[in-house]
Structures are given as structure tokens and as C-alpha cells.
Amino acid sequence: ELQSEFLKIQQKIKKTIIFVTHDIHEAIRMGDTIALMKDGRLVQHDTPANLLYKPKNDFVANFVGTDRALKGLQLLRVKEVMAVNPHIARIEEKAETVRNRMRQEKVEALAVLDECDNFVGWITLSDLQQVELVRDAITCASATLTANSVLSEALSVMLSSVLRTVAIVNDENKLDGILTFDAIQKALQESVEAVESE
């Protein structure tokens, strides 16, 4: 939470900040560039992506670790990969209408919004089988994220959730978009390929 607050402050004040840490996860999340030192000497000064995917030598490779792909999820923000116009259902809609729409659109789950466009939870096709209205079938979301969340946090939320989809909401709980597991996987692959092709 402190890291998130620090990043918000940095965005507002727009100042260069030098941050000293021994935690590679923290460095990747917080830094635009990272200077990796060994015995008082600069070993590699680079972007987090290059540090992860193009380590200069074995020391750098060992320092960043073998879980580069997972660390790479800290380089991407949810807003870069989320779907911004997701299929939704309204809380007062008839279940049959929404079921038909879901089959037609070939979606397994829909975000549900109330009368004020607030995100209230999810419905799945199977949830709608025995009810009259959407409101009677809602599964409350255990967690939501904001557009500025990093993908590593999003993946963690997904792994502890029944759905492989997370709602992205703003400070007023309005739906900004949704993020799927497939979108995270695709973004990570594209990120690795982009750095490797440079």
C-alpha cells in the first residue's frame, strides 16, 4: 500500500526521485530506470524490462532471478491491457434476456451494474438458470482493482478467485473495464517479445 501511495504522489509532483532498495521486486515496481551495483561499482543501468530480459552478465541474471516472467508482470499496468467496453448486465434485467445475450455473445460471465452504474458483482450463465432477475443470481466480487494496479497484483487476485476475470473500478466504484487471465498472458508474451527484438 505504501508503494502504491508513493507512486501516486510521484505522479502528482512530477519530480525525479532516487530510491535505494535491496529488493528487486520493489525496484522493478517503483523505478523507471534501475542502477544495479556490486561492490560499489555500477553493473547495469537500464530499464526494468531490460534488466529482466536482457541482463548484462551472470551477476545481473542471478540477481533478478529465474522468475523473470512473473517479475515482468510488475512492469505492466492493468490499464494497458484491460478491456474498456466489456459486456455487462443490469441488476434489474430479466435472467432469460441476459442468458440469451450471453449465449449470443459467447461470454461465460458478465459484470453487473446497479441503477447508478456502480459495479456490484458477477453473474455466470449457470447462475441465471433458476432465477427470474439478474439481482437474484449475483456473485459478489471478492476483490476489484484500479486501472493503475500492476499485473502481478491482478494475477494474484485472479488466482484467489473463482472467476478468471477481475473488475477494474474507479474511486467511485464505476466500472472502467475488466481484465482476464488470457489478457495478462498475452500482454506478458508481447512484452517479452518486444524487449527481445530490440
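Two strands pair if DSSP finds at least two bridges between them. In this predicted model, β6 and β7 meet that test, pairing in the parallel sense over 2 bridges. One of the positions involved is Leu145, whose bridge partner in β7 is Ile168.

These two strands belong to an open sheet of 3 strands. Its order is β6-β7-β8, and its pairing is mixed. The edges are β6 (144-145) and β8 (175-180). Each has a single partner strand, so one side of each is left without a neighbour in the sheet.

Stay with Ile168 for a moment. Leaving out residues up to four places away in sequence, Ile168 touches Val78, Met82, Leu145, Thr146 and Ala147. Its contacts also include the run Lys174, Leu175, Asp176, Gly177, Ile178 and Leu179.

Ile168 also leads into the interior. The largest nonpolar core has 31 residues. Ile168 is among those with the most contacts inside this core, together with Val78, Leu145, Leu151, Leu179 and Ile184. Many elements feed this core. At least two residues come from each of the helices α2 (24-30), α3 (48-53), α4 (58-64), α7 (151-159) and α8 (181-197). The strands β1 (34-38) and β7 (165-169) each supply at least two as well. A second core stands separate from this one. This second core has 14 residues, including Ile91, Leu125, Leu128 and Val134.

Now look at helix α7. Its buried residues are Leu151, Ala154, Leu155, Val157 and Met158. Seen down the axis of α7, they fall within an arc of 160°, so they line one face of the helix. A general rule sits behind such patterns. An α-helix has 3.6 residues a turn, so residues three or four places apart point the same way.

Next comes the hairpin of β1 and β2. Strand β2 covers residues 41-46. The strands β1 and β2 run antiparallel and are joined by 5 bridges. Between the strands of this hairpin lie 2 residues. In the hairpin, Asp39 takes a positive phi near 55°.

Which residue of β2 is the bridge partner of Leu36? It is Gln44. Is Gln44 buried or exposed? Gln44 has a relative accessible area of 5%. Buried means under 20%, so Gln44 counts as buried. The side chain of Gln44 has polar partners. One is the side chain of Asp46, in a polar contact of 3.1 Å. Another polar atom of the Gln44 side chain is addressed by the backbone: the nitrogen of Lys56 lies 2.7 Å from a polar atom there. Neighbours within four places in sequence aside, Gln44 is in contact with Ile34, Ala35 and Leu36. Further contacts of Gln44 are Asn50, Leu51, Lys54, Pro55, Lys56 and Val60.

Another open sheet has 3 strands in the order β3-β4-β5, with mixed pairing. Here β3 (88-90) and β5 (119-124) stand at the edges. Each has a single partner strand, so one side of each is left without a neighbour in the sheet. From one strand to the next, the twist averages 35°. Strand β4 (residues 109-113) pairs with β5 in the antiparallel sense, over 5 bridges. In that pairing, Leu113 stands opposite Phe119 in β5.

Helix α6 (residues 95-105) packs on this sheet and touches β3, β4 and β5. The direction of α6 makes about 135° with that of β4. Buried in α6 are Ala95, Val98, Arg99 and Met102. They cover an arc of only 105° around the axis, which puts them on the same side of α6. What covers these buried residues includes β3, β4 and β5. On the other side of α6, Glu96 and Gln104 are exposed. After α6 comes Lys106, whose phi is positive, near 55°.

The last stop is Asn118, in the loop between β4 and β5. At 19% relative accessibility, Asn118 counts as buried. Its side chain makes a polar contact of 3.0 Å with the side chain of Lys174. Not counting residues up to four places away in sequence, Asn118 touches Val112, Leu113, Glu172, Asn173 and Lys174. Lys174 has already appeared here, among the residues that Ile168 touches.

Conventions:
Residues numbered from 1 in each chain as written. Predicted model: local features only at pLDDT ≥ 70, side-chain atom pairs only at ≥ 80, totals over all residues. Heavy atoms only, no water. Core = buried A, V, L, I, M, F, W, Y, C linked by side-chain atoms within 4.5 Å. Buried < 20%, exposed > 50% of the residue type's maximum accessible area, 1.4 Å probe, protein only. Helix = DSSP H or I, 4+ residues; strand = E, 2+ residues; numbered from the N terminus. Contact = heavy atoms within 4.5 Å. Arc of directions from axis to C-beta. Axes fitted to C-alpha atoms, helices over the stretch in contact; angles between N-to-C directions. Polar contact = N/O pair within 3.5 Å; in protein donor to acceptor, adjacent residues only side chain to side chain.
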